[in-house]
Amino acid sequence: NTGLDPRGYRGIRKDVSQYFGVRYEYDQTTGKVSKSLYPTTKEYELCGYKIRIHPKEFGNPVGEVGKDVDFFGQFRFKTHSGICVLVGGEVDQLSAYQMLKTQQKDKKYDEIAVVSSTIGESGTSKQAQAQYEWLNHFKKIIICLDNDEAGKKAAEELAEVLPKGKVFVMTMRRKDPNEYIWDKNNEGA
């Protein structure tokens, strides 16, 4: 009942979605994405799926999810040590990675790691504490949470638990990374 094609959902490209193993369920009438299934890993091994029912409701997960699993996307950056960008959620992770990958195309730079919490922005600091050893391998950790009051509060809490001397906070003009690639006024949710 699922596929790997986001069908333009929120501006996410198919190659990016496939790279992170995201699956989609489609509405049988319209053919549009009705659910996203985000894989969760523990010690880089698949252990479950977090399910998002569109537009923004979370259904019963499959397998193990929560603060004890890896960050979403972490399995792709097991040995990275340069720059890590921490964003607010799975859609923002895919969006930020897509923008950075496009910008780095044909350049000889190391890929920038982009990950998100699997338990929402307010829980990012708890998950970061569990992933401290992995985060400490990076030279720079950029916090890029939503540009709203909740995101700013979560960023402050997150900065407190990350390795000292490596943390930078990004300020965006828009609300979140997805708003840079998706015009919600011209596309369906």
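**Group meeting: Y180, strand β7 and the nonpolar core**

Good morning. I begin with one side chain: that of Y180, which reaches the backbone nitrogen of R174 at 3.2 Å. Please bear in mind throughout that this is a predicted model.

Where does Y180 lie? It is found in the segment after β10, the strand spanning 167-169. Its relative accessible area is 28%, so Y180 counts as partly exposed, the range for that class lying between 20% and 50%. Setting aside neighbours within four places in sequence, the residues in contact with Y180 are M99, M172, R173 and R174. R174 therefore appears twice in this account, as a contact of Y180 and as the residue whose backbone nitrogen the Y180 side chain reaches, the cut-off for a polar contact being 3.5 Å. A further relation spans much of the numbering: Y180 and G11 are 169 residues apart in sequence, yet their C-alpha atoms are 9.3 Å apart in space.

I turn now to strand β7, residues 83-87. Of its 5 residues, 4 are buried, and β7 is therefore largely enclosed by the rest of the structure. Which strands does β7 pair with? One partner is β9, residues 140-144, which runs parallel to β7 and is joined to it by 5 bridges. Within that pairing, L86 has I143 as its bridge partner in β9. Another partner is β8, residues 113-116, also running parallel to β7 and joined to it by 4 bridges. Here V85 is matched with V114 of β8. Between β7 and β8 the chain passes through helix α2, residues 90-104, and this β-α-β crossover is right-handed.

Next, the interior. The largest nonpolar core comprises 39 residues, and L94 and L135 have the most contacts inside it. Elements that each give two or more residues to this core include β7, α2, β8 and β9, together with β2 (23-26), β3, α4 (132-135) and α5 (149-161). As for L94, once its neighbours within four places in sequence are set aside, it is in contact with I12, V16, S17, F20, V22, Y24, Y38 and F72.

I close with T41, which is placed in strand β3, residues 33-42. Is T41 buried or exposed? With a relative accessible area of 7%, T41 is buried, because that class takes in values under 20%. Beyond its neighbours within four places in sequence, T41 is in contact with L46, C47, V69, D70 and F75.

Thank you; I welcome your questions.

Note on methods: Residues are numbered from 1 along each chain as its sequence is written. This is a predicted model: local features need pLDDT of at least 70, side-chain atom pairs count only at pLDDT 80 or more; totals for chains, interfaces and linings use all residues. Side-chain values use heavy atoms; hydrogens and water are left out. Buried means under 20% relative accessible area, exposed over 50%, partly exposed in between (1.4 Å probe, protein chains only). Contact means heavy atoms within 4.5 Å. Two strands pair if DSSP finds at least two bridges between them. A crossover is right-handed if, with the strands pointing away from the viewer, the path from the first strand over the helix to the second runs clockwise. A nonpolar core is a set of buried Ala, Val, Leu, Ile, Met, Phe, Trp, Tyr and Cys residues joined through side-chain atoms within 4.5 Å. A polar contact is a pair of N or O atoms within 3.5 Å; within protein, one must be able to donate a hydrogen and the other to accept it, and residues adjacent in sequence count only if both atoms are side-chain atoms.
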